[in-house]
Amino acid sequence: MTKLDVILVLDFGGQYCHLIGRRVRDHQVYSEIVPHNITPKEIEALHERFNVKGLILSGGPLSVYEKNAPKCDQKILDLNLPVLGLCYGHQLIAHICGGNVKPSKKKEFGVTHAIIDKSIGVLRGLREREKVWMSHGDTVFSLPEEFDVLAHTENSPVAAFKHKEKAIYGLQWHPEVVHTENGMKMLKNFIFVVCRCEANWRMEDFVEKAVREIRQAVSDGKAIIALSGGIDSSVATALAAKALGRNLTAVFVDHGFMREKEPEFVKNIFEKPDINFISVDARKRFFEKLRGVTDPERKRQIVGEEFIRVFEKVAGKVGAEYFIQGTIYPDRIESGIRKFSEKIKTHHNVAGLPTKIQFKAIVEPLRDLYKDEVRKVAETLGLPKEILLRQPFPGPGLAARVIGEPTEEKVKIVKKADKIVTEEIERNGLEKSLWQYFAVLSATKSTGVKGDSRAYGYTIAIRAVESKEAMTANFAKIPYEILEKISTRITNEIPQVTRVVYDITHKPPATIEWE
C-alpha cells in the first residue's frame, strides 16, 4: 500500500493545535498530532508508516522562557525536514536558537495588520499588508544572524521569520483560524511549496481507520454507545455498528433537558430492526440531582456522572464491558484534557466524567475531528439528511441554557423559546448559513407591561453564530425584522418572559454556549 504523506503537528497545549491538523487535512494531506517532546528517533520511526514531510509547532498558553514551559528537542531542527512554528512555536524556535523573546509592552489579541517584508516560502504570493489573527503577550524582539525577518507589525518587530539556509519558518499569528484572511494560502504554501506533499488522503481513509480501531479496542466483547441523536453520536454509532454489528447496543437517555420532540425524533430514526436500541426515561433522576445547583461546572459534572451511572446499569443488563461515545476534539480541548492546555469549560462527556467507572475502556472514534469533519464522515457513511444537517446541541441539553438552577418550569420556558427561534430562523431560510441558533433563559428578571398591567418576568437571550469548526465564531447579523418577529412571539406566547435580547459577542472572547 502506498504510504501517505504526513505533516506532524507538535502539541504545545494550544487551543488550536488540532485545528492546525484539520486544516492540513482540508488540503487532503494527512496530519498526525504528536507530543511536543517527540524525539528525532521517534520521528524517524514514523517513516515506516508515513512519508513524514514536515513539522508544525503549535501555539500554547505558557511563555517559552518559563521554567516548566514545554520544549521540543532542538535536534528536530537538524532532521532536514521543513518546520513551521506558530505563535508559541514561533517564539520557541527563536528562543532555542538564541533569539530574544520577552513580554511585549503592548499585547496583540485579535485581528492585526502585518507588513510582509519578504513574500517568500510560506508567505509567497501575499500582499504587502495582510490581515492576521494574533493572540500573544510575548514577542520575538531579535533573531540570530542565521535568520531573516519576513514580516513585522506595529508591536512585533519579528512577526515572521525564516532560517537563511534551512526550511525553518515562524509565524507569530495563527494562519489556521478563519480570521487570518490568507491563512489557508500560507498553510498551502507550507504543505505543497515548502514540504512538497501530495494530496493523497481522503475521508474514506478515516472511516476505515476508525472501524479498525473500534474492532481492536472491543475485540470479541460487547459495547454500548451513548446516542443522543446529534451528529457526533449518530456518526459514532454508525461507525461502531459497522465495526461490531449485533455486539453493539445504542442507548438513548432522556434526561429531561432535550429540545421539543427530541426523544420522539431519536426513536424514529434509530429504533430499527438492525440496531439494538434502548431508550431510558431518566428525567426524574436528573432533575432531582440538579435541584438547587447553579454553578455551570457543577451542572456538567453531575450530568456527566449521571449519564455514566445510567449507562453502567444498561451495560450490566446487556453484558457490555465497553463504552463508546461521540466525543469530538473541541469537547476535549475546551475541557483542558492535555497537559499544557487551559480549561475553558468542562464538557459532560470529557472532564465531567467520574474518575471511577465500571467499563473496561471508553472508546472515542471521533476524538480528533471537528464538527464539520464529522459531517463529512456522515456523508461518506450515507446518513440521512435529518442527522447530517442537525445543529450542535450541548450534552447537558437545556440545563446549559438555563442560567442558574434548571427547574422544570425554567426548562419549559426555554424549550418554548428555543422552538420559536428555530421555527423563525428556518422559516426564513437562514439555517444553512448558521452554525447554531438557540435561546438562553438568563437569571435576570425585569419589569414589563402586558395588557396594560405591570409584569415582572424573565429575560430570554437569543444566540445565533456563524462558524466552520466551533473553535472560533462570529455572531450572526440576523435581519431586524426576523429578530423582531422572534421577540414578539416569545413575549406573546410565553407569559413568564418580559424581555428579549440578542447576543452580539464573537468567540473569542465569549464561548458559543453561555454555560
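**A predicted chain, from overall fold to single residues**

The chain of this predicted model has 14 helices and 18 strands.

Biologist: What is the radius of gyration of the chain, and how does it stand against the globule rule?

Modeller: For 515 residues the globule rule gives 24 Å, and the value for the chain is close to that, so the chain is as compact as a globular protein of that length. The C-alpha atoms fill a box of roughly 75 × 65 × 40 Å along the principal axes. The radius of gyration itself is 25 Å.

Biologist: Is Met 134 buried or exposed?

Modeller: Met 134 belongs to strand 6, which covers residues 129-142. Buried means under 20% relative accessible area, and Met 134 has a relative accessibility of 0%, so this residue counts as buried.

Biologist: Which residue, 26 residues apart from Met 134 along the chain, has its C-alpha atom 5.7 Å from that of Met 134?

Modeller: Leaving aside neighbours within four places in sequence, Met 134 is in contact with several residues, among them Phe 109, Gly 110, Thr 153 and Trp 173. Another residue in contact with Met 134 is also the one whose C-alpha atom lies at that separation of 5.7 Å, namely Glu 108.

Biologist: How far apart are the end C-alpha atoms of helix 9?

Modeller: Helix 9 runs over residues 296-318, and at its start a side-chain oxygen of Asp 295 reaches to within 3.2 Å of the backbone nitrogen of Glu 297. After the helix comes Gly 319, with a positive phi near 75°. Because its 23 residues, at 1.5 Å a residue, should span 33 Å, the expected span agrees with the separation of the end C-alpha atoms, which is 33 Å.

Conventions: Residues are numbered from 1 along each chain as its sequence is written. This is a predicted model: local features need pLDDT of at least 70, side-chain atom pairs count only at pLDDT 80 or more; totals for chains, interfaces and linings use all residues. Side-chain values use heavy atoms; hydrogens and water are left out. Helices (H or I, at least four residues) and strands (E, at least two) are DSSP runs, numbered from the N terminus. Buried means under 20% relative accessible area, exposed over 50%, partly exposed in between (1.4 Å probe, protein chains only). Contact means heavy atoms within 4.5 Å. The expected span of a helix is 1.5 Å times one less than its number of residues. A polar contact is a pair of N or O atoms within 3.5 Å; within protein, one must be able to donate a hydrogen and the other to accept it, and residues adjacent in sequence count only if both atoms are side-chain atoms. The radius of gyration is taken over C-alpha atoms; the globule rule is 2.2 Å times the number of residues to the power 0.38.
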